[in-house]
Amino acid sequence: MTVDALTDVTGVRVGHATRAGDGWLTGTTVVLAPQGGAVAAVDVRGGGPGTKETDALDPRNVVQKVEAIVLTGGSAYGLDAASGVMAWLEERGRGVRVGVDPAHVVPVVPAACVFDLGRGGDFRARPNAATGRAAVEAAAATGPGAPVAEGCVGAGTGAAVGHMKGGVGTASTVTDSGFTVAALVVANAAGETVDPGTGVLYGEFFGGRVTYPPARVHEAARLRIARAAERNALPPLNTTLAVVATDAELSKAQAQKLAGTAHDGIARAVRPVHLLNDGDTVFALATGAHPLPHAQPLALNEVLSAGADMVTRAIVRAVRAARSVEGEGGMWPSYGELYGELREELQG
């Protein structure tokens, strides 16, 4: 049984810590690897990234596996959430062994952040080490293959795409050769996810049949988005983050290729993308449960293609799962309200 989520990759778990209300609109999401870690890599293409420990993932460097990846709100301040995850892992002896004592480990916890400062009204309300610990504890408490909450949760709590509400989305597939490939995305882009001419989500043009909203609904939605843009005084400093995971056995170099091609999935669903005020970052995780046929190096292509496809699907799901937010920090209508509830309202 699958749940169409990152957790369909056996052993991978996801946990969210969410803070909303009283000036807060932010959170942290932790992707917890199986015991013993997973091969990991990263590809950063946004012009304003906020990251931690990404150099350790370079294929030329010594670290081979990581135990967790942190996606967090709070811009660079929020990277402190990784400290809470490190502490939790150290307590369990999980990390790179650096001494004869099994307790002497250094957990390598790569992290990346999205900009959501002030969206809840309080610029100083941002994730910290306690938020990271709460998220990793939530991940550890889940069972194998558990469903993953989407929308305004975890690192997607304060996310926005253009002047609409963003959030967390996830998706998975099994390739023809039997490899599971999945993605989890925090959709928080300076660019738009909606085609301004039709109201269709860009990512849905790549997913088969497209349903076009009625012109009247689309025009009303555009007016609401314009009003939101006038109200939101905060700068469009954003970032889309993704973790692409597979049960294929990959080297660090192959995992880095997977992270790189997965950016194509962002480019299909967000326009424009990889701007100077974005920090678009994709991590790749490979658990190694199923080997690639070494005599067929092009077998990796199947995994690469699926990774990009799952990122696109995850962005669509993030935007569709999001709910409208309006408060002291700004106003972000959701796609569901603009094109679903609004359609019912106009037809009523």
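# Exercises on a predicted model

The buried residues of helix 4 pack against strand 3 (38–44), strand 14 (241–249), strand 15 and helix 5 (300–321). Keep in mind throughout that this is a predicted model.

## Exercise 1: Helix 4 and the loop after it

Task: find which residues of helix 4 are buried, and work out how the span of helix 4 fits the expected rise of 1.5 Å a residue.

Solution.
- Step 1. Start with the length: helix 4 has 18 residues, and from its first C-alpha to its last it reaches 27 Å, close to the 26 Å expected.
- Step 2. Next, list the buried positions, which are Lys252, Ala255, Leu258, Ala259, Gly260, Thr261, Ala262, His263, Gly265, Ile266 and Ala269.
- Step 3. Put these against their surroundings: their packing partners are strand 3, strand 14, strand 15 and helix 5.
- Step 4. Now follow the chain into the loop between helix 4 (252–269) and strand 15 (281–291), where you will meet proline 272. The peptide bond that joins arginine 271 to proline 272 is cis, and its omega is near -15°.

## Exercise 2: One face of helix 2

Task: determine where the buried residues of helix 2 lie when you look down its axis, and what they pack against.

Solution.
- Step 1. Helix 2 (residues 129–140) has twelve residues and spans 17 Å between its first and last C-alpha, close to the expected 16 Å.
- Step 2. Its buried residues are Thr131, Gly132, Ala135, Val136 and Ala139.
- Step 3. Viewed down the axis, these buried residues of helix 2 fall within an arc of 130°, so they line one face of the helix.
- Step 4. That buried set packs against strand 1 (13–21), strand 2 (24–32) and helix 1.

## Exercise 3: Salt bridges around arginine 133

Task: trace the salt bridges that glutamate 91 forms with arginine 133 and with arginine 92, then add the one between glutamate 137 and arginine 133.

Solution.
- Step 1. A helpful reminder: side chains of opposite charge can pair when their charged atoms come close.
- Step 2. Glutamate 91 and arginine 133 form a salt bridge whose closest N and O atoms are 2.6 Å apart. Glutamate 91 lies in helix 1 and arginine 133 in helix 2, so this pair ties together parts that are 42 residues apart in sequence.
- Step 3. Glutamate 91 also meets arginine 92 in a salt bridge, at 3.3 Å from N to O.
- Step 4. Arginine 133 pairs with glutamate 137 too, with 3.5 Å between the closest N and O atoms. These two residues are four apart in helix 2, which means about one helical turn separates them.
- Step 5. Check the exposure of each: glutamate 91 is exposed at 53% relative accessible area, while arginine 92 is partly exposed at 43%. Arginine 133 is partly exposed at 23%, and glutamate 137 is partly exposed at 37%.
- Step 6. Finally, widen the view: the whole structure holds 13 salt bridges. Elsewhere, Asp4, Glu150, Arg313 and Arg317 are linked in a network of them.

## Exercise 4: Two positive phi values

Task: compare the settings of glutamate 53 and serine 75, and say whether each is buried or exposed.

Solution.
- Step 1. As background, most residues other than glycine have a negative phi.
- Step 2. Glutamate 53 has a positive phi, near 65°. It sits in the loop between strand 4 (51–52) and strand 5 (65–66), and at 32% relative accessible area it is partly exposed.
- Step 3. Serine 75 has a positive phi as well, near 50°. Its loop runs between strand 6 (68–72) and helix 1 (81–91).
- Step 4. Buried means under 20% relative accessible area, so serine 75, at 18%, counts as buried.

## Exercise 5: Two threonines

Task: list the sequence-distant contacts of threonine 180 and threonine 10, and note the exposure of each.

Solution.
- Step 1. Threonine 180 is in strand 13 (residues 180–187) and is buried, with 10% relative accessible area.
- Step 2. Setting aside neighbours within four places in sequence, threonine 180 contacts Asp8, Val9, Thr173, Val174, Ala245, Thr246 and Asp247.
- Step 3. Threonine 10 belongs to the segment before strand 1 and is exposed, at 64%.
- Step 4. With residues up to four places away left out, threonine 10 touches Pro34 and Thr287.
- Step 5. Threonine 10 and glycine 145 are 135 residues apart in sequence, but their C-alpha atoms are 6.8 Å apart in space.

How values were computed: Residues are numbered from 1 along each chain as its sequence is written. This is a predicted model: local features need pLDDT of at least 70, side-chain atom pairs count only at pLDDT 80 or more; totals for chains, interfaces and linings use all residues. Side-chain values use heavy atoms; hydrogens and water are left out. Buried means under 20% relative accessible area, exposed over 50%, partly exposed in between (1.4 Å probe, protein chains only). The expected span of a helix is 1.5 Å times one less than its number of residues. The arc is that of the directions from the helix axis to the C-beta atoms. Contact means heavy atoms within 4.5 Å. A salt bridge is a side-chain nitrogen of Lys or Arg within 4 Å of a carboxyl oxygen of Asp or Glu.
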